[in-house]
Amino acid sequence: MRRILPPTRSFRTMPSSYCSRGRGLPWPLLASVLVLLVTSLLSSCSDRKRITDETPPDDPSPDGVTASVSSGSSATLENDDGVRLYVPPNTVPRLGDGSDGTLAFSIEPADVGGNTPSGSQMITEPIQFGPEGLNFAQPVQISFPAPDDTTQTYMLGRLDRNTDQWSLVPTVLDPLNPGRVCAHVNHLSVWSLFGVDLDYRSAGRIHFINTSSLRWVSVCVESYELAYPEWVGSNFDPSSVGTSLSAAGHMPGVTSDAYAIVPQGTWTFQAMRTEVVDPFGVAEPDGWITLGTFVVDQPGGPGQDVDISPDSWQEVNMDPPWAPCQGAPDVPVGTGTIQITLSWDPIVDLDLHVIDPSGEEIYFGNRESDSGGQLDRDTICQSQRDPENVFWSGTAPRGTYQVRVHFYGNCSSEIGSAAFRVRTLVDGSVRTFDRTVSLGETVAVTSFTR
């Protein structure tokens, strides 16, 4: 059981030598000297505390784009470079009581490095998509504009912060988004566009088709065996990446299709369908099937046709109703005028601490402040995709906020340090900070003023 400690405060005291009374001076002169000395020392101590205990504020990223999306609604975010994040209806999971949840989605530049897959070149600067640490009810679509260069094929890559390695993922060419390279993902992280030479013998295609105009279908990878593991094995990551197709919103009978680019090999996919449950288009997971085994043995080309239309499905799996390779949706975290979210990858116990303008500290031992700030999730040795989150649902007070992260425990592992991210949303401005903290250490991440 976690031992709850009272919020800590940092105080400085002047050395006793500064405060000792002088001798041998006339009292009026002594009093004047003491006033000047105390004033000077207080100013000095105040400056010293400001420099030592606080992190200088960071300007919000000028290229960040944000949008709040609730259950049943949708949004499209796009930055100045044409990178998009499409959030379809029903992406945001509902809350535990069945009411609509709300999540703040974002696109911003990512100041990260990483080792690129062999035989590929990074085409665009890394992009941080948010929110991290949550599994959605439906996949979202991220897409990058593809350069007009026929000497290469293009695939998306995702950064694994544990290994500092970029991995290529199943990539989608969608006829509804010509000139773009897409991926459908159940949770967000750092992505970029990679170019691969045309002689890349592992680039094959599968043509998925959905003729239903009423049901959304998403496809994810159940298992695979690569034909050329020595070339691409360590540079490929199929987890929670797939194809999502639906003709809903189009004229009845219109076919929805897309091409999935995957390495050559033998593939088994799972397909999950949704069912519309009210007139506003809100849909819920409605079972899944295994599509069978498919062999990809030709680079490029039109690819094998695979009909994923759910109207003819039989023996649908309903326990659980969502495909295992997609995973169960997470309960959304809170958002508002200010939202601060901590996420990390290794299974360790990190704690988010936020000090509001009044000096009150919000953390696991004080989960709600007088100013309205709330810690709505405290993660203890649980899933690596389970963030901690502090937010103000109403109007947050004016003043300076301080954000800190403490490495509380390593969950019986031998992990001595952990990389983490903190995303701050302040009146619509987004900024993500990549930091590392050692066991038992507290890191001052940032401070900001609204």
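User: Buried means under 20% relative accessible area, and exposed means over 50%. Are D345 and R421 buried or exposed?

Analyst: Keep in mind that we're looking at a predicted model. The side chains of these two meet in a salt bridge, 3.3 Å from N to O. D345 is in the loop between β20 and β21 (349-355) while R421 is in strand β26, so the pair ties together parts that are 76 residues apart in sequence. By that cut-off, D345 and R421 both come out as buried.

User: Which residues are linked with D345 and R421 in a network of salt bridges?

Analyst: The structure has ten salt bridges in total, and the D345 and R421 contact is one we've just met. That pair belongs to a network, and the other residues linked into it are E132, R161 and D434.

User: Let's turn to empty space. Which elements give two or more residues to the lining of the largest cavity?

Analyst: There are three cavities of 30 Å³ or more here, and the largest has a volume of about 80 Å³. Its lining takes in Q128, F129, G130 and P131, along with E132 and R421 from the network, among others. The elements that supply at least two of the lining residues are β6 (127-130), β20 (338-344) and β26 (417-426).

User: How many residues of the lining of the largest cavity are charged?

Analyst: Going through the lining by class, three residues are nonpolar and five are polar. E132, R421 and R423 are in that lining too, and the charged count is three.

User: Which residues are closest to the centre of the second largest cavity?

Analyst: This cavity holds about 60 Å³ of space. It has 13 lining residues, and the ones closest to its centre are P170, V241, G242, T243 and A260.

User: And how many nonpolar residues are in the lining of the second largest cavity?

Analyst: Strands β10 (171-173), β14 (217-226), β15 (241-245) and β16 (256-262) each bring at least two residues to this lining. Three of the lining residues are polar and none is charged. The nonpolar count is ten.

User: How many Å away from D174 is the nearest side chain of opposite charge?

Analyst: D174 lies in the loop between β10 and β11 (180-185). Leaving out residues up to four places away in sequence, D174 touches Q141, C182, D257 and A258. D174 is buried yet has no salt bridge, and a salt bridge would need a nitrogen and an oxygen within 4 Å. The nearest side chain of opposite charge belongs to R84, at a distance of 9.2 Å.

User: How many residues apart are R158 and D237?

Analyst: These two side chains meet in a salt bridge, with 2.8 Å from N to O. R158 belongs to strand β8 (residues 152-160), and D237 to the loop between α3 (229-232) and β15, so this pair links distant parts of the chain, with a sequence separation of 79 residues.

User: Which of R158 and D237 is buried, and which is partly exposed?

Analyst: The buried cut-off is under 20% relative accessible area. R158 has 9%, so it counts as buried. At 23%, the partly exposed partner is D237.

User: One more pair: what is the relative accessible area of D100?

Analyst: D100 forms a salt bridge with R94, and their closest N and O atoms are 2.8 Å apart. R94 counts as partly exposed at 25% relative accessibility. D100 is partly exposed as well, with a relative accessible area of 41%.

Note on methods
Residues are numbered from 1 along each chain as its sequence is written. This is a predicted model: local features need pLDDT of at least 70, side-chain atom pairs count only at pLDDT 80 or more; totals for chains, interfaces and linings use all residues. Side-chain values use heavy atoms; hydrogens and water are left out. On a 1 Å grid over the protein atoms alone, a cavity is a set of points where a 1.4 Å probe fits but cannot get out, and a pocket is an open set with protein on both sides within 12 Å along at least five of seven lines; lining residues have an atom within 4 Å of a point. Grid points are joined across faces, edges and corners, and a volume is the space filled by probe spheres set on the points. Helices (H or I, at least four residues) and strands (E, at least two) are DSSP runs, numbered from the N terminus. Ala, Val, Leu, Ile, Met, Phe, Trp, Tyr, Cys and Pro count as nonpolar, Asp, Glu, Lys and Arg as charged, and the others, Gly among them, as polar. Buried means under 20% relative accessible area, exposed over 50%, partly exposed in between (1.4 Å probe, protein chains only). Lys and Arg count as positive and Asp and Glu as negative; His and the chain ends are not counted. Contact means heavy atoms within 4.5 Å.
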